[in-house]
Amino acid sequence: MVYPNVTPAVFLARPNRFVAQVLLEGREVSVHVKNTGRCRELLLPGARVWLTPGTNPQRKTAYDLIAVEKGARLINMDAQAPNRVFYEWAAGGGFVPGLTLLKAEQAFGDSRFDFYWEAGERKGFVEVKGVTLEEGGAVYFPDAPTQRGVKHLHGLMGCLASGYEAAVCFVIQMAQADFFAPNDRTHPAFGQALRGAAQAGVQVLAHACTVTPDSLTLAQAVPVRL
C-alpha cells in the first residue's frame with residue numbers, strides 16, 4: 001500500500017488518543033493519530049514522525065500521523081494498514097495457493113472476522129492484528145489489554161469446530177524482528193487464549209513488513225514463540 005504526499009514532522013505531545021501535536025514546517029499543528037493504542041514507547045517528544053493528508057475535508061485535523069522513527073527503526077502506526085497489506089499479500093498468492101475468494105469483514109457465530117477465504121474445497125477465516133511494540137529486537141502483542149482480541153481467538157476455535165480453517169496473522173509494522181510473542185505482562189489472558197487457539201489448530205502467523213515513509217508491504221515470516 002502507498003500513501004500520497006507524505007511529509008516529515010516532529011512529535012511534541014499527544015493530548016488524547018486521537019490527536020497529536022507536531023511541529024510541521026516550523027508550525028505547531030494538530031494531527032489525527034491513526035492508532036488508538038498506547039504507543040508510549042513510540043510517541044516521545046522530539047521523535048520524527050511522518051504525515052499524510054487526511055481524506056475527510058470536514059475534519060478539523062488536516063493530516064494523519066502514519067509512521068514514527070524509533071532509533072534506526074521506521075515503524076508504521078496506521079491501525080488500518082495491516083488489513084490492507086494482508087489483503088494485497090493474500091490476493092497475490094502469499095497466503096493460500098489457488099485462492100478463489102477473499103472477502104473482508106465476514107461474520108461467523110457471534111464474531112466478525114477480518115477475512116473469509118476459499119480455495120477449491122478449502123475455506124476459512126483469518127483475523128489480522130497489527131504489531132508496533134518492539135523490545136530488544138522482539139515484538140509483542142497487544143500493547144494494551146484487548147478483550148476483543150481474546151474473543152476473536154475463541155471465535156476462531158469455533159470456526160475450526162465447524163469445519164473451517166482458521167488463522168490469526170500478526171502484521172509486524174516494521175522491517176524485522178527476532179521473534180513474535182504474546183505480551184503476557186500486559187494481558188496474560190490474551191497469551192493464554194493464543195496458546196489455546198494454537199493447540200486447537202488455529203494457524204498463528206507473524207510477518208514483518210518492508211516499510212518506507214510512504215509505503216508498507218508484507219514481507220518475511222518471523223518466528224512465533226508461544
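Helices and strands are taken here as DSSP runs, with at least four residues for a helix and at least two for a strand. On that basis, the secondary structure of the chain comes to 3 helices and 15 strands. The model is a predicted one.

**Overall dimensions**

The chain has a radius of gyration of 18 Å, which agrees with the value near 17 Å that a compact globule of 226 residues would have. Along the principal axes, its C-alpha atoms fill a box of roughly 60 × 35 × 30 Å. Of the 226 residues, 49% count as buried. Among contacts with a separation of 6 or more, 61% are between residues 24 or more positions apart.

**Nonpolar cores**

The largest nonpolar core has 45 residues, and Val 22, Val 49, Leu 65 and Phe 170 are those with the most contacts inside it. A second, separate core consists of 27 residues, including Ala 67, Ala 81, Leu 205 and Leu 216. Returning to the largest core, what surrounds Leu 65? Beyond its neighbours within four places in sequence, Leu 65 is in contact with Ala 20, Val 22, Val 31, His 32, Val 33, Lys 34, Leu 43, Val 49, Trp 50, Leu 51 and Met 77.

**Two buried polar residues**

Thr 7 and Gln 21 are summarised below.

| Residue | Strand | Relative accessibility |
|---|---|---|
| Thr 7 | S1 (residues 7–16) | 17%, buried |
| Gln 21 | S2 (residues 19–24) | 17%, buried |

Both assignments follow from the cut-off, because buried means under 20% relative accessible area. The side chain of Gln 21 is joined to that of Ser 30 by a polar contact of 2.5 Å. With neighbours within four places in sequence left aside, Gln 21 is in contact with Val 10, Phe 11, Leu 12, Ala 13, Pro 15, Glu 28, Val 29 and Ser 30. For Thr 7, the corresponding contacts are Leu 24, Val 49, Trp 50, Leu 51 and Tyr 63. Val 49, one of the contacts of Thr 7, is also among the contacts of Leu 65.

**Helix H1**

Helix H1 covers residues 81–91, and its buried residues are Ala 81, Pro 82, Val 85, Phe 86, Trp 89 and Ala 90. Viewed down the axis of H1, these residues fall within an arc of 155 degrees, so they line one face of the helix. Ala 81 also belongs to the second core. After H1 comes Gly 93, with a positive phi near 95 degrees.

**Helix H3**

Helix H3 comprises the 13 residues 188–200; at 1.5 Å a residue they should span 18 Å, and the end C-alpha atoms are 18 Å apart, in agreement. Which residues of H3 are buried? They are Phe 190, Gly 191, Ala 193, Leu 194 and Ala 197. These buried residues cover an arc of only 165 degrees around the axis, which puts them on the same side of H3. The face turned away from that buried side carries the exposed residues Gln 192 and Gln 199.

The cover over the buried residues of H3 includes strand S11 (138–141), helix H2 (147–161), strand S12 (165–172), strand S13 (180–182) and strand S14 (203–212). H3 is followed by Gly 201, where phi is positive, near 115 degrees.

How values were computed. Residues numbered from 1 in each chain as written. Predicted model: local features only at pLDDT ≥ 70, side-chain atom pairs only at ≥ 80, totals over all residues. Heavy atoms only, no water. Buried < 20%, exposed > 50% of the residue type's maximum accessible area, 1.4 Å probe, protein only. Polar contact = N/O pair within 3.5 Å; in protein donor to acceptor, adjacent residues only side chain to side chain. Contact = heavy atoms within 4.5 Å. Expected span 1.5 Å × (residues − 1). Arc of directions from axis to C-beta. Core = buried A, V, L, I, M, F, W, Y, C linked by side-chain atoms within 4.5 Å. Rg over C-alpha atoms; globule rule 2.2 N^0.38 Å.
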